[in-house]
Amino acid sequence: MLTQFACGGLALGSRYNHCALDGVSVHQFNTNLASLTRDEGLVVVPMPDRTIFRARNPPQISHPHFEYSKATDTDNTFTLRGTSTVLINKPQPYNQIHALHLSAKDINALKKAALKDGKLKNCTAFQAVAAKIWQARSMAVEIAEDKISTMLFPVDTRSRIVPQAPVGFSGNALVPGFARGSGRELKEEEYSCLVRRVQEGIDRLDDEYIRSGIDWLEVYTGMPCREDSFSLVSWWRLGLETEEFAWGRLKCAAPVVVKPGIVFLLPSPTTEGGLNIFLELGGDQMVEFRRLMMAD
């Protein structure tokens, strides 16, 4: 839906079924849409063949898959966002979603902290930020020391499967990477160890692991892990805000709703290279989350 305001600004609203399209496919769609508004042709030719991601016959589950939970008869697999044994205090109405800005300097400081003890050879900005969010959120909600906290993060598998997905693949090629650890480990382990768990969550996603996960879902009709878990969804470098429509370049691209159990990373509206974290927590929990995120 395209809405024009009296000031001359425009808002473009769209809704997609995430089972059918992932963020990369949405970006490709918006790239083509922007091109069409400029009276130009398609930039990316859509390739909708999803058979490259179908389950094997017979299924061959070769790995344990902690990133998934088995469904029950009462589960709604399209709306479930995870459950928890800890209490997420409900914020006051009209104050449910909180934002925390990390500057480029803050992000670089996290990367330096992850590499400080020499246990890691390298560390990306996402890995450093993700590990810090996992630790801070789990501690802010006071997860029990003997409980396992799981952080999920979507990973694009287009280039990870064999053969690779064709250019322009328009479907959902995301699978959940994950990092998991006990409440005690999140409190006591060195920061570099938590970053390494995030790295392992990405590194394990080779072709066989991905195929095994698809087969697991075929057998158990499961869903993303829901026990003491949350999903970290990054639009930080997806590039949605770079589209150039006939009316001009997008100023901002953001979800309309941030649901419980989801933490969003969005690019800073400035050019300084930072990011914004959006999540739902109770007031006291958000205060603690902010303190832990900004602590040295």
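Cys7 sits out in the open, with a relative accessible area of 72%, so it counts as exposed. Its sulfur has no partner either: the closest cysteine sulfur, in Cys252, is 15 Å off, too far for a bond. Keep in mind that this is a predicted model, with an average pLDDT of 90 for the protein.

**Cysteines**
- The disulfide count comes to 0, with a pair needing its sulfur atoms within 2.5 Å to qualify.
- Cys193 is in no disulfide, and the nearest cysteine sulfur, from Cys123, lies 13 Å away.
- At 25% relative accessibility, Cys193 is classed as partly exposed.

**Helix α7**
- This helix takes in residues 283-294, and its 12 residues should span 16 Å at 1.5 Å a residue; the C-alpha atoms at its ends are 17 Å apart, which agrees.
- Gln285, Met286, Phe289, Leu292 and Met293 are the buried residues to look at here.
- They cover an arc of only 130° around the axis, so they end up on the same side of α7.
- In general, an α-helix has 3.6 residues a turn, so residues three or four places apart point the same way.
- Among the elements covering the buried residues of α7 are β4 (97-102), α3 (125-140) and β12 (275-280).
- Asp284 and Val287 are exposed, on the face of α7 turned away from its buried side.

**Confidence**
- As for the rest of the pLDDT picture, 92% of the residues score at least 70.
- Residues 76-83 stay under 50, and the model gives them 15 contacts beyond four places in sequence.
- Residues 90-95 are also below 50 in pLDDT, with 6 contacts beyond near neighbours in sequence.

Methods: Residues numbered from 1 in each chain as written. Predicted model: local features only at pLDDT ≥ 70, side-chain atom pairs only at ≥ 80, totals over all residues. Heavy atoms only, no water. pLDDT = per-residue confidence, 0-100. Contact = heavy atoms within 4.5 Å. Helix = DSSP H or I, 4+ residues; strand = E, 2+ residues; numbered from the N terminus. Expected span 1.5 Å × (residues − 1). Buried < 20%, exposed > 50% of the residue type's maximum accessible area, 1.4 Å probe, protein only. Arc of directions from axis to C-beta.
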